Amino acid sequence: MSGAPAPQAAAVALTDVSKTYSRAESAVVHDVDLVLAAQALTAIVGPSGCGKTTTLKMIAGLLDPDSGDVTFDGQSVLGVPAERRPVGMVFQKPLLFPHLTVAENVAFGLRMRRVPRRDRDRRVSDMLELVQLPGFESRRVHELSGGQEQRVALARALVPEPRVLLLDEPFSQLDANLRGEMRALVRLAHDELDVTTVFVTHDQEEAVELADRIALMIDGRIEQHAEPREFFERPATLSAARFFGAGNTVSGTVHGAMFDCALGRLVLAEEHPAGPAVLVVRQEALRLVEGTGRNTVQGRVTAAEYRGTHIAVTVAVGDIELELTAGAGVEVPVGALVSVQLPPASCRVVPAPDTDRR
C-alpha cells in the first residue's frame, strides 16, 4: 500500500430509507432522501430521538434499513458489512483499547489490514501530527485527558484513509472550550484530507460553525437540507424556524406580497402563493423605531432582561408578544409604549402547520 494514492471522497446518497426498531410503534427514520456531496462537511442536526444516529449507523453499515437504498458514488452498499465499507467513525465515547499505547490504538485498523510496519508507523505519525498530538505514541490511555482521547479516536478513524468520515456527537461530553477546539480540529482534518464528512449533533451552534451544509431531522424525516444561513434567512418550515431559534411566529393569511394577521397588514419582500401561512421574524431583525411607518406596530414593553451583550425585550401588541434584542446600553423601561418595525426583508413566510407535508 505504500505510495498508493489515497482513495477519493465518496458521494453518499440515501433514497427512501426507513428504519423501525422491533418495539417502536412507528418508524425511527421515515422515507429519508438525502444526498451528501463528495468532500462536503454535512451536519445532521435535530432533537434527541429524531433519528440522527440511526441514519449515521445505516451509512456506516452498523444497521440495515428496512427499505430504501444507501449508495456510495451511485453504487449500493446494502449488504456490505461495516468493516468493508470505506468509512471511518468516531463515537460519543472514544472506545480506545486501555491495554494499548496511543500508537497501537491508532494503528489497530492498519494491522488488521496487514499494512507493513514501516507504512503503519509513518501513517500513525502523520495522523498524530494532524490531530496535534505529536510525540504521544508511547502514552497509555489512562494518561490522556478526555479531549486527547477523542483526538486519538479521530486519528484512528482517519488513518486507514476512509472515503467517508462519520462522527456521532463525539464532543458532547467535553467542556465548552474543548468542544470549540475539537470543532476546529475536525474542520482542519476535513480540509486537509480528501474525505466526505458527516457530523451528527443536537447543537445548532455547533452545526452552523462547522458544516458546509446542514440536514435538519425532525421526527425521523429530513425537515430541510441547505447551507447554514438558509435556516436563518429562509427556513422551509415552522419546525425549522423554531429549531434555529426564531422567536416570533404569527399565524395569518398571505396574499402575494401582503400578510394579514393580528398585527395588521404587513408587507413582504416577495410574493407567495395565497393561503394560510405563518410569519417568521427573528428577534435580532426587529427594530425599535420612532413614530409609525410601513410594517410598524405599537405595543407596550412587558419585559427587558439584560444579557450582557444585549437586552432581551418583550413587547405586547394586543394578544401577540414580540421578542427583540436591543443594544446593551439602550434604555427600555418596562411599561413603556414603543414602536416596533418588522423589516419586509426579514419577514419570512412558511406553510401553516396543517398545510405542511407532515
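## Helix α2 and its neighbours

How far apart are the axes of α2 and helix α3, and at what angle do they cross? In this predicted model, the two axes come within 10 Å and cross at roughly 125 degrees. Angles that are neither under 35, over 145, nor from 65 to 115 degrees count as oblique, and α2 and α3 are therefore oblique to each other. Their crossing is right-handed. If you want to find the contact on screen, look in α2 for Val102, Ala103, Val106, Ala107, Leu110 and Arg111. They meet Arg120, Arg123, Val124 and Leu128 in α3, a helix that covers residues 117-130. Sorted by class, this contact has 7 nonpolar residues, 3 charged ones and no polar ones.

Now for another partner of α2. Helix α2 runs over residues 102-112, and it packs with helix α4 (residues 146-158) at an angle of about 30 degrees, their axes 7 Å apart. Here the cut-off is under 35 degrees, so α2 and α4 are roughly parallel to each other. This crossing is right-handed too. On the α2 side you'll find Val102, Asn105 and Val106, and on the α4 side Val152, Ala155 and Arg156. That gives 4 nonpolar residues, 1 polar and 1 charged. Val102 and Val106 turn up in the contact with α4 and also in the contact with α3.

## From α4 on to α5

Helix α4 has a contact with α5 as well. The pair packs at an angle of about 15 degrees with axes 11 Å apart, and α5 takes in residues 176-192. That makes α4 roughly parallel to α5, and α4 passes α5 in a right-handed crossing.

Which residues do the touching? From α4 come Gly147, Gln150, Arg151, Leu154 and Leu158. In α5, they meet Leu178, Glu181, Met182, Leu185, Val186 and Ala189. The contact divides into 7 nonpolar, 2 polar and 2 charged residues.

## Strands β1, β4 and β5

Time to switch from helices to strands. Strand β1 (residues 12-19) pairs with strand β4 (residues 67-72) in the antiparallel sense, over 5 bridges. For a pair to look up, try serine 18, whose bridge partner in β4 is serine 67.

Strand β4 is also joined to β5 (residues 75-76) by 2 bridges, and these two strands run antiparallel. Threonine 71 has serine 76 in β5 as its bridge partner. Together β4 and β5 make a hairpin with 2 residues between them. Have a look at aspartate 73 in the turn: its phi is positive, at about 50 degrees.

## A sheet of three strands

Further along the chain, 3 strands form an open sheet in the order β11-β12-β18, with antiparallel pairing. At the edges stand β11 and β18 (348-351), each with a single partner strand, so one side of each is left without a neighbour in the sheet. On average, and ignoring direction, neighbouring strands here are turned by 50 degrees against each other.

How many bridges join β11 to β12? There are 12, and the two strands run antiparallel, with β12 spanning residues 264-281. Among the partners, glycine 252 is matched with alanine 277 in β12.

## A sheet of five strands

Another open sheet has 5 strands in the order β13-β17-β14-β15-β16, and its pairing is antiparallel. The edge strands are β13 (287-289) and β16 (320-327), each pairing on one side only. Neighbouring strands in this sheet are turned by 50 degrees against each other on average, again ignoring direction.

At one end of that order, β15 (residues 310-317) and β16 are joined by 8 bridges and run antiparallel. You can follow one bridge from alanine 316 to its partner in β16, glutamate 321.

## Rings that pair up

Searching the whole structure turns up 5 aromatic pairs. One of them is formed by phenylalanine 232 and phenylalanine 244: the ring centres are 5.7 Å apart and the planes are at 75 degrees, so the pair is edge-to-face.

Where do these two rings sit? Phenylalanine 232 lies in helix α7 (residues 228-233), while phenylalanine 244 lies in the loop between α8 (238-243) and β11 (248-261). The pair therefore ties together parts that are 12 residues apart in sequence.

Terms used. Residues numbered from 1 in each chain as written. Predicted model: local features only at pLDDT ≥ 70, side-chain atom pairs only at ≥ 80, totals over all residues. Heavy atoms only, no water. Pairing = 2+ DSSP bridges. Helix = DSSP H or I, 4+ residues; strand = E, 2+ residues; numbered from the N terminus. Axes fitted to C-alpha atoms, helices over the stretch in contact; angles between N-to-C directions. Left-handed = near helix turned anticlockwise from the far one by under 90°. Contact = heavy atoms within 4.5 Å. Nonpolar A, V, L, I, M, F, W, Y, C, P; charged D, E, K, R; others polar. Phe/Tyr/Trp six-rings, centres within 6.5 Å; stacked < 30°, edge-to-face > 60°.
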